[in-house]
Amino acid sequence: MNRIFSGVQPTGNLHLGNYLGAIRNWVRLQEDFDCIFCVVDMHAITVFQDPAALRTSTREVAAAMIASGIDPKANIIFNQSRNPSHAELAWVFNCVARLGWLNRMTQFKEKAGKNKENASVGLYAYPNLMAADILAYKATHVPVGEDQKQHLELTRDIATKFNNDFQVDLFPLPEPQIFGTATRVMSLRDGTKKMSKSDPSALSRISMTDDADTIAKKIRKAKTDPEPLPDNKDGFEGRPEAANLMGIYAALDDTDLDAVIAQYGGQQFSTFKQALADLAVAKLGPIGDEMQRLMDDSGHLDAILEDGGQRARAITQPILKEVYEVVGFLG
Ligand code: TYM
């Protein structure tokens, strides 16, 4: 049986990278897979979150999923803390994963920065919780952006070691699904840096809730270079901003980079930026409006999360029982 699990952190500023790299792909997958989409609030608190802001962001991520077209009845949408199985399995995995494995995780190094001694223990053990998220459901496929690839490899290592240590075939090895032309959307201010929620400059990212004027302004102000747009893929060499903006256009327009090059290659950035702004507003505007409408009824969103949490627990409880028997806690 194929089962999909994926997650987004409710840390504010859900952006175009989250949409194109992840959420949009999930909408398509719901046709063919049994899908579980999780707002990973327990991951969020690995860096301090204001509690009121966390509650709002959790609902906002759920609203973004629904507004993008994910059906919360046909799939499961819930926030992680509603299902204790994630934390329970993460503890077992803390005892399976090796320090050396976690030491290699680039996200920890980036997020902890220079002052690693002051990072939370949770931030360090974050990938073990992520492995637990996925494996608590025996998920087989995990649709993510490219930045999560290393975490997925660790998840497979943990599943393999658990199965070997206990001589069982309990966990599947989940496959990452990294789709499309926007697997790594870059900052609008620096084409060599990933678009990220934590970038101090709001101009670096298009947020899913930005209004039309803000989207247009951010695209107008996006960093470019003085040359016309390249007319073939080799022309992207040394021009990360051109590659990023044309890649975003291709993804939003559901086409490929060659088609965008054929249409805009050789033209000035100013003409292209206008077209990109119009396209982004046409695609994101309705989603932002629907998110706002959903956010105005927090009771409805909370009911969806509660229902999703119950259905999530029903899947993981028997799997956790199996794990507890295998490790010798039960049975
Ligand atoms: P998070 O919250 O940083 O991002 C959510 C999803 O968005 C993708 N993404 C991007 N894709 C393209 N370009 C970008 N600039 C960009 N920025 C983010 C991410 O790859 C991700 O798919 N650790 C995860 C959350 C998580 C998870 C899981 C994911 C926790 N448990 C289990 C999958 C399965 C994270 O921090 O994603």
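The following conversation concerns the ligand site and two loop residues of a predicted model.

Biologist: What should I know about the model before we start?
Modeller: It is predicted, so to speak of local features requires pLDDT of at least 70, side-chain atom pairs count only at pLDDT 80 or more, and totals for chains, interfaces and linings use all residues. Residues are numbered from 1 along each chain as its sequence is written, and side-chain values use heavy atoms, with hydrogens and water left out.

Biologist: How many residues surround the ligand, and which are the closest?
Modeller: There are 28, counting a residue if one of its heavy atoms lies within 4 Å of the ligand. The closest are Y126, D133, G145, D147 and V185.

Biologist: What is the make-up of that shell by class?
Modeller: It has twelve nonpolar, eleven polar and five charged residues. Ala, Val, Leu, Ile, Met, Phe, Trp, Tyr, Cys and Pro count as nonpolar, Asp, Glu, Lys and Arg as charged, and the others, Gly among them, as polar.

Biologist: Which ligand atom does the backbone of G145 approach?
Modeller: A backbone N or O atom of G145 lies 2.8 Å from a ligand oxygen atom. For V185, a backbone N or O atom is 2.7 Å from a nitrogen atom of the ligand, and for M195 the corresponding distance to a ligand nitrogen atom is 3.0 Å.

Biologist: Changing topic, where is Q167?
Modeller: Q167 lies in the loop between helix 8 (149-165) and strand 5 (175-177); helices (H or I, at least four residues) and strands (E, at least two) are DSSP runs, numbered from the N terminus.

Biologist: And what is its phi?
Modeller: Phi of Q167 is near 55°, a positive value in a residue other than glycine. Most residues other than glycine have a negative phi.

Note on methods
Polar contact = N/O pair within 3.5 Å; in protein donor to acceptor, adjacent residues only side chain to side chain.
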